[in-house]
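Colleague: I have a structure open in front of me and would like to learn how to read it. Could you walk me through some features, one at a time?

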Amino acid sequence: MAAIGQLTAEGLVKDFGGLRAVDVTSFTLNKGEIRAVIGPNGAGKTTFVSLLCGRFAPSQGRIAFEGRDITTMPAHERVALGIAYTFQITSIFGNLSLYDNVALPAQRRIMLDGGGTLRERAMAALDRVGLADRAQEQAGTQSYGHQRLLEVAMGLALAPKVLILDEPTQGLADSEITDFIALIREVAEETTVLLIEHNMPVVMALAEQITVLDQGRVLAEGSPEAIRADAAVQAAYLGG
Amino acid sequence: MDLIALLPFDLPHPALLAAGMLEGTVLAAVLALTALGLSIVFGIMRVVNVAHGEFYMLGAVLAWFVTHTVSGTVGGPPWLGFAIALIVAPLIVAAMAALTDWLVLKRLDYDPEATIVATIGVLYIIQQLALTFYGPDARPVEAPFDFRVQLPWFGYSGYKLVVVGAAIALMLVVWLVLTRTKIGLVMRATQYDRETAQAFGIPVDKVYAGVFALGAALAAIGAVLIVPIQQAHYLMGGDPLLLSFIVVILGGLGSLKGTLVAAIFIGLSDGIISTLYEPTLAKILATLLVAMVLVFRPQGLFGARAA
Amino acid sequence: MIRTIVLHAAVIAGLFLLEPVLSDYHHGNLARIMVLATYAVGYNMLFGYTGLLSLGHAMFFAAGMYGCAMLIRLAEWSVGPAFLAGVLCALVAGIIVGTLALRTIGVGFMIVTLMFAEAAYLVILYYNEFTRGDEGFTIPQAVRSIAGIDLSDTTNRYFAALLLFAIALIACAAIVQARTGRVLVAIRENEDRVRMLGFDPFRYKLFALVISATMAGAAGAAYAVLFGYAGATFASVQYSIFPLLWVLLGGPGTTLGPLLGTVLMFYLVDYASGTIMPGLAALVETQFGIEAPGLASAYLLLVGVTLVLLVLFAPKGLLGTVRARMIPWLP
């Protein structure tokens, strides 16, 4: 593991009332890797990545991105720095066209550092997920699988350094999942990918490193092979 | 040197201050009842009822119709008409509120923003219907009895003291019903989780209609009590609405204890300030305070800090 | 894009061409409607496009109206600078109120704006020595002119109102068709998602609120100048409800909805107070023998009924429904 990670967290705690939802002593995401976060329902996976991308403020702890402390930085500024998050519950703009959906993040990226026209960037993002020919259709009328892909395209249009995907394959058909794995492999060539995923074949096919969360804590961390062999993980999650 | 003379304002005479405090107590009592209605509706249904002041006005106007009919047509004594009004007016108002819930709020699925716009519409409808049938005049209602209590400085209307007592008794009853009875339990269960309550066989629709009716009835009772002191007028709903809003927000939205504390605070200070100084200034400060509380301390001044 | 430009140009040209045809009565009405529609266009920027429901816009209308009228009355400013000062007052009020109120959301935002507006209304009443309170004050005809053009002349007044409305309409259409407008609409649909696309929603909401307040203030200042009157009624809750009603009726989030809603509601209330209600009152008394002493003046009943019906059955308003069913490109 590299000495300095791209996105790191230390002593990260989130309390909701009396409940400690997240309690992660140390977390390091390295540049260029595909990391999967797995764990049983209610393990705090979404809360954990929400702390990383700034949707929630942590109760304790520090988060750093490329060596810079971003603990108190608002979410939209973290996005500007290059941390993109795609939602677990599909959060596309149903009343807008597919084009307008990806134009929003593309527009933000151009405002931040210029380069390319809005049309080029938006269409490129749609093209990567294979939705370019549907650009003018209304997003809300698309199939569920296409909506999930659009969600990913919105993340890609931000040209992020770290792309956080929250259960991206949930509800997808098997054929769609195969295409999705290929897409993420391609994305990972230039982007670090942090993936919350329930579908173990997807995790095993994609992840280079796996972090297992249970009751808000890191239960195990390592390569897919190591995680598969870990007795504690077996007990808590895989073997169940 | 007389230090008192250096003060930028005149110190009020103790008798005047006492009178202000008594007026304030009467106002606080009626305000607490009215605000309690608004608070219960918000607390349980998450509905901000902008038409609440009109239910109050309706109570007062109906009280006039009832007492007028009893004393005018039948020739009954004032206390009889008033007693009937005290029962009939809140019941009619409660029925109208339940109808509003069924016709309007339920159909909006209690969406918070849509219900506000809809209750603004209901406000105009009730107010204009009152104008239609009651007319634009302010009319007095005779007090049910007339005796004066002799205080050290001045005599005081016994009726006003009875109003305070009645309001306190009623609030006690409401509080007991909400905390100690099965009806109260059902209401609170609905407040926490509407869908779960439904799953447990609680008739949520009926509970909501009942809560909305109860809230309106409390405002109506407050109005019947006050109408021998103030006159009934179709535009009289504005002030109690504003003051109830202030009370409910300062007390912490949905907090019954906070509502009571804030009602006493606002009622007394409004009574004192309005008697002695300038009522408009008091209202300006109160509305700004409310806005600031919502911006910086949404849980209210007297409410518990939210988790 | 071309369709949009043609449509707006046609509406403005239509209003222009109507001027010589209108009777005196409708002439005056339409001038008033265009000023009020400017107010509604501003309200729509915030409510229709950004999804923020303010219950206190009368304070911005009144900021423009009093900012302008008081300077004319007390400081003897001429109309041009006074008008600009009125607009500036509303703009500053928008920044202050927006910075505070936008810390809240949903119902909280509605009540905070309501309370600020109530405070503003009460301040106008409190300083009635200067503002003349409810009674208000008139601005003498002699001073109501700009660059030698007499604004109390009905034709000049009509064109001045049209100019104001046209500027507001074009500004609104330009903003909502541009990239900023896309972000505003996205905030209306899902604010959290917009934040996670790297935009600061607060800045965009503040922008929309300030533009909205400025348009409301321009309408208020223009009202004072063109109709020569300022009064506390224009700061009351009722004048915060009216633009909501007009926009809801015409279609929130459509550029032309505010104008349509204002026209319809203005004539409905006008016809109701002049004809329907008195007629109904006479009918009820003579035919049914029911005592209804206030029926003749209860025209606001229509405002209540319209609001409730719109919320229940047509939350998209007229043009919003047209757009959903027939003309999807309608701006």
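Modeller: Happy to! Let's begin with pairing: two strands pair if DSSP finds at least two bridges between them. Keep in mind that this is a predicted model. Here, β3(A) and β9(A) pair in the parallel sense, over four bridges. One bridge partner to look up is A:Q209 in β9(A), which goes with A:R35.

Colleague: Which strand does β3(A) pair with over four bridges, besides the one you just gave, and what stands opposite A:I34?

Modeller: That is β8(A), again in the parallel sense and over four bridges. Opposite A:I34 you will find A:V193 of β8(A).

Colleague: How do I read the side chains along a strand?

Modeller: The general idea is that in a regular strand the side chains alternate between the two faces of the sheet. In β3(A), A:I34, A:A36 and A:I38 point one way, while A:R35 and A:V37 point the other way. Residues on both sides are buried here.

Colleague: Is β3(A) mostly covered or mostly open?

Modeller: Mostly covered: five of its five residues are buried.

Colleague: Now the whole sheet. In what order do the strands of the open sheet in chain A run?

Modeller: The order is β6-β7-β8-β3-β9-β10, six strands in an open sheet with mixed pairing. At the edges are β6 (83–86) and β10 (217–222) of chain A, each pairing on one side only. From one strand to the next, the twist averages 15°.

Colleague: How does the edge strand β6(A) pair with β7(A)?

Modeller: β6(A) and strand β7 (residues 162–166) of chain A run parallel and share four bridges. To find the place on your screen, look for A:I83, which stands opposite A:V162 in β7(A).

Colleague: Which helices pack on this sheet?

Modeller: Two to look at are α1 and α5 of chain A. Helix α1 (residues 45–53) touches β3 (34–38), β6, β7, β8 (192–196) and β9 (209–214) of chain A, and its direction makes about 155° with that of β7(A). Helix α5 (residues 144–157) touches β6 and β7 of chain A, with its direction at about 170° to that of β6(A).

Colleague: Stepping back, how do I judge the overall form of chain A?

Modeller: One way is to compare the radius of gyration with a rule for globules. A compact globule of 240 residues would have a value near 18 Å, and chain A agrees because its value is 18 Å. Its C-alpha trace spans about 50 × 40 × 35 Å along the principal axes. Chain A holds nine helices and 10 strands, and buried residues make up 45% of its 240 residues. Among its contacts with a separation of 6 or more, 67% join residues 24 or more positions apart.

Colleague: What about a helix? How do I read α8 of chain B?

Modeller: The general idea is that an α-helix has 3.6 residues a turn, so residues three or four places apart point the same way. Helix α8 (residues 204–226) of chain B has 23 residues and reaches 33 Å from its first C-alpha to its last, close to the 33 Å expected at 1.5 Å a residue. Of those 23 residues, 20 are buried.

Colleague: Is C:I33 buried or exposed?

Modeller: C:I33, in helix α2 (residues 24–49) of chain C, counts as buried because 23 other C-beta atoms lie within 10 Å, and the cut-off for buried is 20 or more. Beyond its neighbours within four places in sequence, C:I33 is in contact with C:T262, C:V263 and C:F266.

Colleague: Where should I look for positive phi values outside glycine?

Modeller: Try B:R46, with a phi of about 60°, and C:E76, with a phi near 55°. B:R46 lies in the loop between α1 (14–45) and α2 (52–74) of chain B, and is partly exposed, with 16 other C-beta atoms within 10 Å. C:E76 sits in the loop between α3 (58–74) and α4 of chain C, and counts as exposed because it has 9 C-beta neighbours inside 10 Å.

Colleague: Finally, how many residues does the contact between chains C and B take from each?

Modeller: It takes 36 residues from chain C and 35 residues from chain B. On the chain C side, α5(C) gives the most, with 14 residues. That side divides into 28 nonpolar, six polar and two charged residues.

Notes
Residues are numbered from 1 along each chain as its sequence is written. Chains are lettered from A and ligands numbered from 1 in the order in which they are written. This is a predicted model: local features need pLDDT of at least 70, side-chain atom pairs count only at pLDDT 80 or more; totals for chains, interfaces and linings use all residues. The expected span of a helix is 1.5 Å times one less than its number of residues. A residue is buried if 20 or more other C-beta atoms lie within 10 Å of its own, exposed if 12 or fewer, and partly exposed in between; C-beta atoms are placed from the backbone. Axes are lines fitted to C-alpha atoms, for helices over the stretch in contact, and angles run from 0 to 180 degrees between N-to-C directions. Two residues are in contact if their C-beta atoms, placed from the backbone, lie within 7 Å. The radius of gyration is taken over C-alpha atoms; the globule rule is 2.2 Å times the number of residues to the power 0.38. Ala, Val, Leu, Ile, Met, Phe, Trp, Tyr, Cys and Pro count as nonpolar, Asp, Glu, Lys and Arg as charged, and the others, Gly among them, as polar.
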